[in-house]
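Reader: I would like a close look at one part of this model, namely how two of its helices pack against each other, and after that a connected account of the aromatic pairs and of one lysine. Please set out the reasoning with care.

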Amino acid sequence: MVFLINFIFSMLSTITFGIITNIPRKAFITCGLTGAMGWMTFWTCQTYLDQNIGFSNFLAAMVIGLMSIFFSRRKQMPVIVFNVPSLVPLVPGGPAYLAVREMMDQNFDASMQYIAIVLVTSGAIALGFMFTNVIERFLKRTTATLKRDRRR
């Protein structure tokens, strides 16, 4: 039941942010599915596999990146239409808020711990997308090379 609730709410939050960012209507469901799969990857790594927050976000960002590439080709839309709203469930807004709050309360040790969580999370998301782009470029070059070699 908890699995289904996490899936539904992550999908709804992704679709809602997609509405706010004005993505095309025909991308709502696939965008929501991409965000939900990213969140479920993160949640499963955190809940059942006891992975750290960095690895969980890295893996979730890779899932989002790969699904965004797949759906962008399938729907013939830019990748960013799927990437941006799908990241919403992964954004470390809570720890960022707590870091600022602790800093205002002059509790700098706790604030630095939350800042570290924000930096690790955002860095892992960025690395996950970068790694996905590297994989995509490698596959494009490999298929282009294979096509060129077949013509000869």
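Author: Angles between helix axes under 35 degrees count as roughly parallel, those over 145 as roughly antiparallel, those from 65 to 115 as roughly perpendicular, and the rest as oblique. In this predicted model, the axes of helix H1 (residues 2-20) and helix H2 (residues 28-47) cross at roughly 135 degrees and come within 7 Å. H1 and H2 are therefore oblique to each other, and the crossing in which H1 passes H2 is right-handed. On the side of H1, the contact is made by Val2, Phe3, Asn6, Phe7, Ser10, Met11, Thr14, Ile15, Gly18 and Ile19, while the residues that H2 brings to it include Phe28, Cys31, Gly32, Gly35, Trp39, Met40, Trp43 and Thr44. Sorted by class, the contact of H1 with H2 holds 15 nonpolar and 7 polar residues, with no charged residues. Two of the residues in this contact, Phe3 of H1 and Trp43 of H2, also belong, together with Tyr48, to one aromatic cluster.

Turning to the rings, the structure holds 6 aromatic pairs. One of them joins Phe58 and Phe131, whose ring centres are 6.0 Å apart with 50 degrees between the planes, a tilted arrangement. This pair links distant parts of the chain, since Phe58 sits in helix H3 (residues 53-75) and Phe131 in helix H6 (residues 108-151), 73 residues apart. Phe58, at 22% relative accessibility, counts as partly exposed, and Phe131, at 41%, counts as partly exposed as well. In a further pair, Phe71 and Phe82 have ring centres 6.2 Å apart and planes at 40 degrees, so this pair is also tilted. Because Phe71 lies in helix H3 and Phe82 in helix H4 (residues 80-86), the pair ties together parts that are 11 residues apart in sequence. Both Phe71 and Phe82 are buried.

Phe82 leads on to the lysine, for Lys75, which is found in helix H3, is in contact with Phe82, Lys26 and Thr30 once its neighbours within four places in sequence are left aside. Of these, Thr30 lies 45 residues from Lys75 along the chain, and their C-alpha atoms are separated by 9.1 Å. At 27% relative accessibility, Lys75 counts as partly exposed, whereas its contact Phe82 is buried.

Terms used:
Residues are numbered from 1 along each chain as its sequence is written. This is a predicted model: local features need pLDDT of at least 70, side-chain atom pairs count only at pLDDT 80 or more; totals for chains, interfaces and linings use all residues. Side-chain values use heavy atoms; hydrogens and water are left out. Rings of Phe, Tyr and Trp (its six-membered ring) pair if their centres lie within 6.5 Å; planes under 30 degrees apart count as stacked, over 60 as edge-to-face and the rest as tilted. Helices (H or I, at least four residues) and strands (E, at least two) are DSSP runs, numbered from the N terminus. Buried means under 20% relative accessible area, exposed over 50%, partly exposed in between (1.4 Å probe, protein chains only). Axes are lines fitted to C-alpha atoms, for helices over the stretch in contact, and angles run from 0 to 180 degrees between N-to-C directions. A crossing is left-handed if the near helix is turned anticlockwise from the far one by less than a right angle, and right-handed if clockwise. Contact means heavy atoms within 4.5 Å. Ala, Val, Leu, Ile, Met, Phe, Trp, Tyr, Cys and Pro count as nonpolar, Asp, Glu, Lys and Arg as charged, and the others, Gly among them, as polar.
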